[in-house]
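Q: Please take a close look at a single part of this structure with me, and then connect that part to what lies around it along the chain. I am a first-year student, so a careful explanation in full sentences would help.

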Amino acid sequence: MAGEVVVDALPYIDQGYDEPGVREAAMAMVEEETRRYRPTKNYLEHLPPLNLTSFETEMMRNEFERMQQRLPMDVLSMKRYELPPPPAGKMTDIAAWNECVENSMAQLEHQATRISNLDLMLEYGCEAWKSYLELLVKCVSQAQKQVQALRKEIQEINWQRKNMQMQGGEKLKKLEAMWVGLVSKNYEIEQACVQLEKEIAENGID
């Protein structure tokens with residue numbers, strides 16, 4: 001394949017990685033290669049531009065602007081819960097009193113709704129939380145199963161890699177032993193030839 005890189009290394013077989021200077025030499029080679037490597041292309045140009053404000057709401061934008069301007073946060077308004085009487089100049093105004101009564105009725109209805117919500121929460125809140133927690137437990141269980149499957153797959157890959165390297169290491173050892181044996185035999189043959197040539201020369205045999 002064009003551009004295919006064959007890594008000539010067997011980490012489970014090779015020795016000498018822990019010797020002094022080996023790591024420094026490897027890091028020097030990496031740094032030297034990174035100095036020579038100059039990207040000439042934007043690898044992200046095929047992606048759309050990043051939109052950092054796509055999830056912002058109007059309230060979030062206003063809050064971000066307030067924080068950038070270092071303005072204090074508005075205090076919680078309690079005006080909707082107040083029941084003020086008519087102003088001093090309108091104490092005899094029926095319309096002003098009607099408005100105050102309507103406000104008090106609205107506040108009373110709000111409080112009644114809150115009480116109803118609290119009653120509903122007391123009755124069904126526990127069950128709702130139980131359902132939510134059961135869902136969370138299922139999600140955690142699924143995630144743990146996925147993690148276990150990935151760890152098992154990683155372990156299987158590492159085992160296969162080690163097994164292949166051990167088999168390759170045995171073959172390399174056998175080939176190295178054969179090579180040493182052949183070199184030794186060649187040396188013995190050369191020595192025998194030299195000895196024969198010497199004997200021939202001494203005996204004067206043509």
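**A close look at R70 and the helices**

A: With a relative accessibility of 76%, R70 counts as exposed, because the cut-off for that word is over 50%. The model in which this value was computed is a predicted one. R70 has its place in the loop between α2, which covers residues 58-68, and α3, which covers residues 94-203. Its backbone also deserves attention, since the phi of R70 is near 55°, a positive value in a residue other than glycine. As background, most residues other than glycine have a negative phi.

On one side of this loop is α2, where the side chains of R66 and E63 meet in a salt bridge, with 2.4 Å from N to O. Both residues lie in helix α2, three residues apart, which is about one turn of the helix. That spacing fits a general rule: an α-helix has 3.6 residues a turn, so residues three or four places apart point the same way. R66 counts as buried because its relative accessibility is 17%, whereas E63 is partly exposed, with a relative accessible area of 28%.

On the other side of the loop is α3, and at its start a side-chain oxygen of D93 reaches to within 3.1 Å of the backbone nitrogen of A95. Further along, α3 bends by about 55° at Y124. Among the buried residues of α3 are A96, C100 and G125. In α3 there is also a salt bridge between E127 and K130, whose closest N and O atoms are 3.7 Å apart. These two residues are three residues apart in the helix, about one turn. E127 is partly exposed at a relative accessible area of 47%, and K130 is partly exposed with a value of 47%. According to an unreviewed UniProt entry, residues 133-167 are annotated as a "coiled-coil region". In the model this span is 100% helix and 0% strand, and its end C-alpha atoms lie 50 Å apart.

A search of the whole structure finds four salt bridges. One of them joins the side chains of E32 and R36, at 2.8 Å from N to O. E32 and R36 are separated by about one helical turn because they are four residues apart in helix α1, residues 22-36. Here E32 is partly exposed, with a relative accessible area of 34%, while R36 is exposed, with 58%.

Conventions. Residues numbered from 1 in each chain as written. Predicted model: local features only at pLDDT ≥ 70, side-chain atom pairs only at ≥ 80, totals over all residues. Heavy atoms only, no water. Buried < 20%, exposed > 50% of the residue type's maximum accessible area, 1.4 Å probe, protein only. UniProt positions renumbered as here; feature names shortened; annotations may be inferred. Bend = angle between axes of the 7 residues up to and from the residue. Polar contact = N/O pair within 3.5 Å; in protein donor to acceptor, adjacent residues only side chain to side chain.
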